[in-house]
Amino acid sequence: MPLIALTGGIASGKSTIAARLGALGAVVVDADALAREVVEPGEPAFRAVRDAFGDGVLREDGSLDRAALGRIVFSDPGRRHVLNGIVHPAVLHRSQAAFAAAFARDRGAVVVYDVPLIDARGIGEFDRIVVADAPAEVRIERLVRLRGMTGEDARARIAAQLSDEERRALATDLIDTSGSLEQTLERTDALWTRLRR
């Protein structure tokens, strides 16, 4: 019943690896999905974000405008720290509940936590840390081509995250995602074989 953290920088191919592991039989807990849930209207974290950032980060329907909030926090490390202090504890609580539920359903499950941000303080509970790894220039090109970002915005997003070296230092398993999709899937399949031993 291994608990695996799967991490990687923006546009690193982490979601591709998570989807493949899920198709192979892993229970995937998506931190980004949880982060969206905890800031839905009516949630305590939503109220805290609104109080900290004002109504300018809300859409007309009263929901959170994630793009507007992103423009603020990715250009100001202090504001990003404020947001992380609100959202991360709520996501941590939800993720731990999801891990417990998965293992309660199947004690032999492989549970994969698909999480963009992890540091040395957060790795103790995981049996393995899998890092999706692609050079920054590859990720910038993907962000521009696939998500329509400007090169400047893509660089700012990458700079706001852990460095490649910091992520690699945490890894028990590194999956090079800089090549073709087929290569990434083959490497993910090989990881799955190792996890099931």
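## Close-ups of a predicted model

**View 1. R142 and its place in helix α6.** In this predicted model, R142 sits in helix α6, which runs over residues 136–147. Here's the odd bit: R142 is buried, yet it has no salt bridge. E141 carries the nearest side chain of opposite charge, and that one is 5.4 Å away. A salt bridge would call for a side-chain nitrogen within 4 Å of a carboxyl oxygen, so the E141 side chain doesn't make the cut.

**View 2. What R142 touches instead.** The R142 side chain reaches the backbone oxygen of A11 at 2.9 Å. Setting aside neighbours within four places in sequence, R142 is in contact with A11, S12 and G13, with A134 and R147, and with T177, S178 and G179.

**View 3. Helix α4 and its cover.** Take a look at α4, residues 66–73: its buried residues are A68, L69, G70 and V73. The cover over these buried residues includes α3 (44–53), α5 (77–105) and α7 (151–159). At the start of α4, D65 puts a side-chain oxygen within 3.2 Å of the backbone nitrogen of A67.

**View 4. The second largest pocket.** This pocket has a volume of about 230 Å³. Its lining is made up of A67, G70, R71, F74, S75, M149, E152, D153, A156 and R157. The elements giving two or more residues to that lining are α4 and α7. Which of the elements gives the most to the lining? That's α7, with 4 residues. Two names carry over from the α4 view: G70, a buried residue of α4, also lines this pocket, and so does A67, whose backbone nitrogen is reached by D65.

Methods. Residues numbered from 1 in each chain as written. Predicted model: local features only at pLDDT ≥ 70, side-chain atom pairs only at ≥ 80, totals over all residues. Heavy atoms only, no water. Buried < 20%, exposed > 50% of the residue type's maximum accessible area, 1.4 Å probe, protein only. Lys, Arg positive; Asp, Glu negative; His and termini not counted. Polar contact = N/O pair within 3.5 Å; in protein donor to acceptor, adjacent residues only side chain to side chain. Contact = heavy atoms within 4.5 Å. 1 Å grid on protein atoms, 1.4 Å probe; cavity = no way out; pocket = protein on both sides within 12 Å on 5 of 7 lines; lining within 4 Å. Points joined across faces, edges and corners; volume = space filled by probe spheres on them.
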